[in-house]
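Hi everyone, thanks for coming. I'd like to walk you through one model this morning, so please have a look at the screen.

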Amino acid sequence: MEKYINILNKCPLFQTISDSDILHILRCFNIQERTYKADSYIFLQNDVVNYIGIIISGQIAIVKESLSGNRHIINELSTSNLFGETIACTKQRISPVHVYTKTDCTVLLMPYENITQTSHLNKCLCTLKIQ
C-alpha cells in the first residue's frame with residue numbers, strides 16, 4: 001500500500017493524516033485492493049454496498065438507469081476520488097446506481113463495518129497513538 005501514498009494524500013479522507021498513520025489505518029481497517037478491466041461493473045443498482053471505495057487509477061462512472069432502460073451518467077470520477085460512501089452510510093445500503101469502470105481501474109475497498117464498529121475503531125486508534 002505504500003506505493004499508493006501520494007494518491008491517498010490527495011483523497012479527502014486522508015488529506016490531513018500523516019503518511020505513517022495512513023498506512024496504519026489501511027492495515028488496521030483491512031483495506032482490499034481490487035483491479036477491474038474497462039467496462040466492468042464494480043457494483044450494480046440494487047446491490048448491497050458494504051464498503052467505501054478509493055480510486056487508485058483509472059476512471060469510473062456512476063450511472064442511474066430508468067425503468068425504460070435509459071442510462072443517465074450522474075458523475076464520473078478518477079484517481080483519489082471516493083465512491084460508495086453515501087450508499088454505505090445508509091441504513092439499508094442498497095445502491096440506487098450502477099458503478100462501472102470507463103477504463104482499467106485499481107481501487108481500494110474499505111469495509112464500512114470496520115470504520116463504524118466502536119471496538120474495532122478504538123483498537124485501531126489506540127495502537128495508532130502507541131506507535
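I'll take the nonpolar cores, then one strand residue, then a charged pair. Keep in mind that this is a predicted model.

Let's start with the largest nonpolar core, which has 19 residues. Leu8, Phe14, Leu26, Ile54 and Leu108 are the members that touch the most others. Two or more residues come from each of helix H1 (5-10), helix H2 (19-28), strand S3 (51-57) and S8. H2 gives the most, with four residues. If you click on Leu26 and skip its neighbours within four places in sequence, you'll find contacts with Met1, Leu8, Phe14 and Ile31. Apart from this core lies another one, of 16 residues, including Tyr36, Leu77, Ile87 and Leu109.

Now over to Val63, in strand S4 (residues 60-65). Is Val63 buried or exposed? Its relative accessibility is 1%, so Val63 counts as buried. Beyond four places in sequence, its contacts are Arg71, His72, Ile73, Ile74, Val97, His98 and Tyr100. Pro96 is 33 residues away from Val63 in sequence, yet their C-alpha atoms are 9.0 Å apart.

Last, the charges. How many salt bridges does a search of the whole structure find? Just one: Glu76 pairs with Lys102, with 2.8 Å between the closest N and O atoms. That pair links distant parts of the chain, 26 residues apart: Glu76 sits in strand S5 (residues 71-77), and Lys102 in the loop between strand S7 (98-101) and strand S8 (105-111). Both partners are partly exposed, Glu76 at 43% relative accessible area and Lys102 at 33%.

Thanks, and I'm happy to chat about any of this.

Key. Residues numbered from 1 in each chain as written. Predicted model: local features only at pLDDT ≥ 70, side-chain atom pairs only at ≥ 80, totals over all residues. Heavy atoms only, no water. Buried < 20%, exposed > 50% of the residue type's maximum accessible area, 1.4 Å probe, protein only. Contact = heavy atoms within 4.5 Å. Salt bridge = Lys/Arg side-chain N within 4 Å of Asp/Glu carboxyl O. Core = buried A, V, L, I, M, F, W, Y, C linked by side-chain atoms within 4.5 Å.
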